[in-house]
Structures are given as structure tokens and as C-alpha cells.
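Hi,

Here is the structure I said I would pass on. Have a look at it first, and my notes on what turned up follow below.

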Amino acid sequence: MSRVPDNRKETGLRQPAEVKADAVAKERLEHLASEVALKTIHELEVYKIELEAHNRELRYTQQEVESARDKYFGFYDQAPIGYLTLSEKDLILEANLKAAELLGVPRNELLRQPLIRFILPDDQARYRQHKKRLWDTGAPQQCDLRLLKEDGTEFWVHLKGVAASEPDGTRVCRLILSDITERKRMEETLRESEQRFRTLTELAPIGIYRSTPDGHCTYVNDCWCEISGLSLTEALGLGWAKALHPEDRDVVFARWQEMVDSASHWGMEYRFQTPAGKVTWVYGQAAPQRDAQGKIIGYVGVNYNITERKQAEAERERLETQTRQLQKAESLGRMAGAIAHHYNNQLQAVMLNLDMAMEALPPQAEPAESLAGAMQAARKAAEVSRLMVTYLGLDQVKHELLDLSETCQNYLPLLRASLPHSVRIDTTCLIPGPVIRANANQLHQVLTNLVTNAWEAMGETRSAIHLAINTVPATAIPAAHRFPIGWQPDAPAYACLEVADTGSGIADKDIEKLFDPFFTTKFIGRGLGLPVVLGIAKTHHGAVTVTSELGQGSRFRLFLPLSTEAIVRPPAPTVPARKSLLTGTILLVEDEQTSRTVVALALKRMGFKVLAAADGVEAVELFKQHQAETDCVLCDLTMPRMNGWETLAALRQIVPIIPVILASGYDEAHVMKDEHAEKPQAFLGKPYELDALRTTLERVLGQA
């Protein structure tokens, strides 16, 4: 192809190459435009598809919203609690059916009504405060209020509200109203029950408490505080444990734990001790409290003050002990009397026979020494019987005014001589001493027995025995370990003779037995020393007390009533010349044949004529036959058919002035204690010796 010359510039015509280039460019431009158009169409199609999908989603979401809205308002209206929306001016903007039902007004009539018109006047101020806090803080608020239905019915609601904003920015208040009338009624019932409980418990004469399951006290009444000695503050929590007596704490805690472990009732006696030391006996009971499911939520307990009952029991026990002691003493008295009667009757025969045998023998005769030993043994046997009577307090001897210190000091040299040289007696005695009315020989016996008891108590470890004599007020005489049982001081002050040792001491269980005849902690064959001391105290209207501690020694104190009389020293008596009056006829009345025989023999040896009768009936008949010649009657007391008193009365009916001597194995105090119309001229206690018989007959016949 030949090249066509480009003469466009010269000729003004476009060359083919230019035309072609333009065509290519146009083609490219058209192609580009087509691509852009296609892309745009595609994008529009995609957008259209997406838009259609979005519209479909939007359409579906709107349906869900409508469905959710329907559901919400369905729940809103069917809710069992009331819902309200209030404006800032307290107007009801929305209300569900429950709220309308609670207020008793149809929902359409309820709207635009102020809520405060339904609130009880007394609660409106509290409602305003509730609303103010709600608007001011923006935080949820709640309170309980009383409302009135349209028909005037009063009811309680629990009001809970929160501030909110509507889409247009309007502030509103959303309220929830819960009917709590039943709950309030139950609370009121509970309060009334609690008030009644508190009223009853505060008025109750018993201690009442509540505790948690682990024993922490949550409530006590006034009576409980009074019994325990703790204040309310001190008692709460575990403070109540302070009130327990130290000796009872472990057992109370153990029993409480048993109750907790077994979930059962509990009861026991124990003691409280106040901070001041006062001890109170209580009977405590407790029972578990359970909730509706049966779970233990605590315990309720009571404490009964049983101090008076315990004191009464102790007093009853003391009286029973006293009664047993008195019954024992009475029984021993009967036994001692019976022993004295029978035993002394036999000794009577022994001693009179020995007396007559010794009188009949020459002074240097070989059997005389043996008979004298037998007489000494008989006298000691008679002394045992006399000591038994002394223990019973029936040994009536002559009492005279004595200076207690002087009487004891005068006897001390003789007492010291009878003790081992290693025994020392230290004295602290009032000079002049307390004046009492007593028998000196019996005081010597008391001192001998108490000092001997102290000496033996110290054993091989010899130490000083301390003797003290002073006066004490009646209020200072201890009641513990005081004998005889039941003795009470009836004088303002007493003389006190005290003997103390540093020996082994006496166990508490043995102190009550110390004064029983023949009780001893030493060795067989002893045991009348302290009983005789008690008997002498009885005859002097006094008492004995014992204080002892094992390993520390013992202290015995004899208390005797003081006398207000002054001691008058009598002049030395003159001994009149003895004149024998042993003549005449004696009517001897004795049921014991042995005794009757030996006494008759003794009377005959004295120079009397003897008429012997075996009992009172026989004696009366014999006396009627020989009344003119009978000078005196010696009559036994205890006889069959007719006793000594009856015989005495019968004889006095025959001859009113006949002298009568009563004889008995019983003690004179026992014999003479009752009132009798006729009295004897003298009394002879069996066993008696020849000298006593002779002296009595001389005295009686000298008065006749």
C-alpha cells in the first residue's frame, strides 16, 4: 500500500490515520462507558436486592415488635401485681388491670387521677418523701403504705418506684404495687403475739430465755436477770455462762450438748452464783424451736427458782437427821435404862455380898485382897452403867455456882499427873473466869475426856494441847457440827471451854458419829469419853461444837450458860458426931430373889429386923399385919403386879407418915421425872454399897 501524503495542514482535510485514531478512541470510550454502565446496573441490582432484603427484614422486625408489644401488654395486664406510670405531677398515665383492681376503679377512669387521693391521709407525708427521694436521687425507692379502694376498703401495699424518661424526654415514674395486706396482718398478729409473749414473760415469776441453736442467748426476762444476778447486757450471747456456779458448769454444758445432739427436751437442777456470791438453786428446762420444715432454729427455756425448796429439803433432811438422832437417843435411853435396871440389880447382889464378906473377914486375912479386887471391878462395872446414863443427860447431880477458870485450874495438876510427861497443856483462861451453875466433878470429867481425846489424836507426834476459857455471845456459837442436834441458844452469852489439838483431824463423815456410845477411830474398848461430854452438856443446858480439818487437828468447845449470880464462899462445915440409928423393923420389897436375899442379910447385920416381900401386893398385905412395928420401907421401883410408886401410894393410904426409900437400877432423874402424889423420903440408886445403904437409913430414920 502506497503511503498517502499527509497534506491536511495544506489542504485542511483530515488524514485517515487521524480518523482511525479517533475511531479507536471513540470505541474505547464507548467500551468504557458500557463497562461503567454495566457495573452501575449491577451495583444497582445488588442494591436493589439488598434493599428488598432489608425491607423484608424491616417488615419482619416490625412484626416481631408488634408481637412483643402484644405479649408485653398481655403480661402487663395479667400480672399479679399492679403497675403504674405517673407524671411528675403524680397523675396516673398508665395502669395495668391489677392496679385498677387494687384501687377499685376501672382502668379508663383511673387515668389522669392523682395517686395520692388513694393514699390514707396518715401515710401521705411518707408518700411525698418517697416521691421526693425518687426524683432527687434517680435511684429506685420503696416503702409500705396504706391505700383506700374506691369503696373505702383499706389495704396495705409495698410501693417500689424508679424514675424514667420517655422517648420525647418527658420524665415519668414507674411504680410497682404489691398487695401486702395479708403479710401485714400476719406481722401484726406476730407483733401482738410477741407483745403478749413479752408481757407474759416479764410478768412471769420464772426466768425465761431464748437462744440460738449454738446456745447464744437472744432474750431473757427480768425474772431471769434477778435469779442469775446478771444484767440484760451481761446475759445476752454466752454471758449467761457467767451465772453458772463454777462447780456446775461442766455438767450443765455436757447436758446442753446432749440436748443439742439428740434434738430433744432437757431438764436438770443446778446452781447460779451471783457476782456477790449469792447461790441460787434453779431447775432448768429447754425445748427446741423448729421452723415449718422442722429445722431447729433455736431453743426456749425456763429457770424455776427452787432455792426455797432446796432449803426446805435441807431443813427436812436436817429434821429427819435430828429425828433419827432423837429416836436413837430415845432408843438408847430405853436400852440404857433397861441395862441399868437389870445389870445394877445383879451388881447390887455382888457388891453387897462382897461388902459383907470383907466386913466379916479379919483385916489381914488372905482372901481380903482378892475380895477388894472384885469389889473394885464391880465398881468399875457400875461406873460403865452410870456413864451411859450420863451420856443420855439423865444423870441429875447437884449444881452450884462455880468459877469455870478456877475449877479447871485447880484440877489441872491432877490431870497432868495422869498424862505422859511428854504431853504439855497450854492454857489461856480468863481470871476471874466466867461464872456458871454446874457440877465440879462433871466439869473435871469433861476436861479429862477432852484432853485425853486430844492426846490420843496427836499420836506419836507430841505437841501442846491448848486449853482456853472465855465468854462468847450466843450469836458466835457455830451451828455447824453442833450437838445435841436441834440445840438452840436461849441465853445472850455463854461460857466456853475449848480444847484444841494439832493431831490428825477428823473426817466430816465421822464427826456426826463422834458422840455415839462406843464409836471410836482408835482402838477397841474405848468410846464413852465424848458421849459423856455430850451428856454432861445436856444436863447443864449447854452444847458441844466440833471443828476439824484432816491433818490440821481438831477443836472441841463446850458452851455453858452464864450465871448472873455472885459466888458466895461458905464457911468450912463442921462434922457432927455420928450417932447410930440402925434399929427397928424394915419392910424390904424386892422382886429379884438374889437381891432380896443379900439386902435382907445386910440389913440384919446392921441390926434391923427385916420383913421381906416379893412384890407390892405382898408388901401391902404384910404391912397391914405389921404396920405398928414397921419403922421404914425399902422398896424396889420396877416390880410385877404393883410397881414401887403404886406400892408407895397404897402404904401411905394405910399409914400416911410411913418413911419410904425407893431403890432402882434406873437413874434418879429418870425415876423422879414424873409427877406423883406421894414422894419417898430418899432414893437409892442400884448398885449401892453398905455405906450408902447405912447412911440413907440413918438419914431417913433420923427425920422420922
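**What I found**

P484 sits in the loop that runs between β15 (482–483) and β16 (493–500); strands here are DSSP runs of E with at least two residues, helices are runs of H or I with at least four, and both are numbered from the N terminus. The bond leading into that proline, from F483 to P484, is cis, with omega near 5°.

Before going on, a word on the source: this is a predicted model, in which local features need pLDDT of at least 70 and side-chain atom pairs count only at pLDDT 80 or more, while totals for chains, interfaces and linings use all residues. Residues are numbered from 1 along each chain as its sequence is written, and side-chain values use heavy atoms, with hydrogens and water left out.

**Backbone oddities**

There is another cis peptide bond from I431 to P432, with omega near -10°. P432 lies in the loop between β12 (424–429) and β13 (435–438).

H481, in the loop between β14 (464–473) and β15, has a positive phi of about 50° without being a glycine. R641 does something similar, with phi near 70°, in the loop between β21 and α18 (644–654). Are these two buried or exposed? H481 has 26% relative accessibility, so it counts as partly exposed, and R641 counts as exposed because its value is 62%. (Buried is under 20% relative accessible area, exposed is over 50% and partly exposed is in between, with a 1.4 Å probe and protein chains only.)

**A buried leucine**

L558 belongs to strand β18 (residues 553–561) and counts as buried because its relative accessibility is 2%. Leaving aside residues up to four places away in sequence, L558 touches V446, A495, C496, L497, A537, A543 and V544, a contact being heavy atoms within 4.5 Å. A495 is 63 residues from L558 in sequence, yet their C-alpha atoms are 8.0 Å apart.

**Cavities**

How many cavities of 30 Å³ or more does the whole structure have? The search finds 2. (A cavity is a set of points on a 1 Å grid over the protein atoms alone where a 1.4 Å probe fits but cannot get out; lining residues have an atom within 4 Å of a point. Points are joined across faces, edges and corners, and the volume is the space filled by probe spheres set on them.)

The largest holds about 120 Å³. Its lining has 13 residues, with Y209, W224, W240, W256 and Y270 nearest the centre, and β8 gives the largest share, 3 residues. That lining is 10 nonpolar, 3 polar and no charged. (Nonpolar covers Ala, Val, Leu, Ile, Met, Phe, Trp, Tyr, Cys and Pro; charged is Asp, Glu, Lys and Arg; the others, Gly among them, are polar.)

The second largest cavity has about 40 Å³. Its lining includes E590, D636 and K686, and by class it has 7 nonpolar, no polar and 3 charged residues.

**How far to trust it**

The chain averages a pLDDT of 79, and 78% of residues score at least 70; pLDDT is the predictor's confidence in each residue, from 0 to 100. Over residues 1–13 the pLDDT is below 50, and it stays under 50 over residues 572–579 too. Where pLDDT is low, the predicted coordinates should not be read in detail.

Cheers

Key
1 Å grid on protein atoms, 1.4 Å probe; cavity = no way out; pocket = protein on both sides within 12 Å on 5 of 7 lines; lining within 4 Å.
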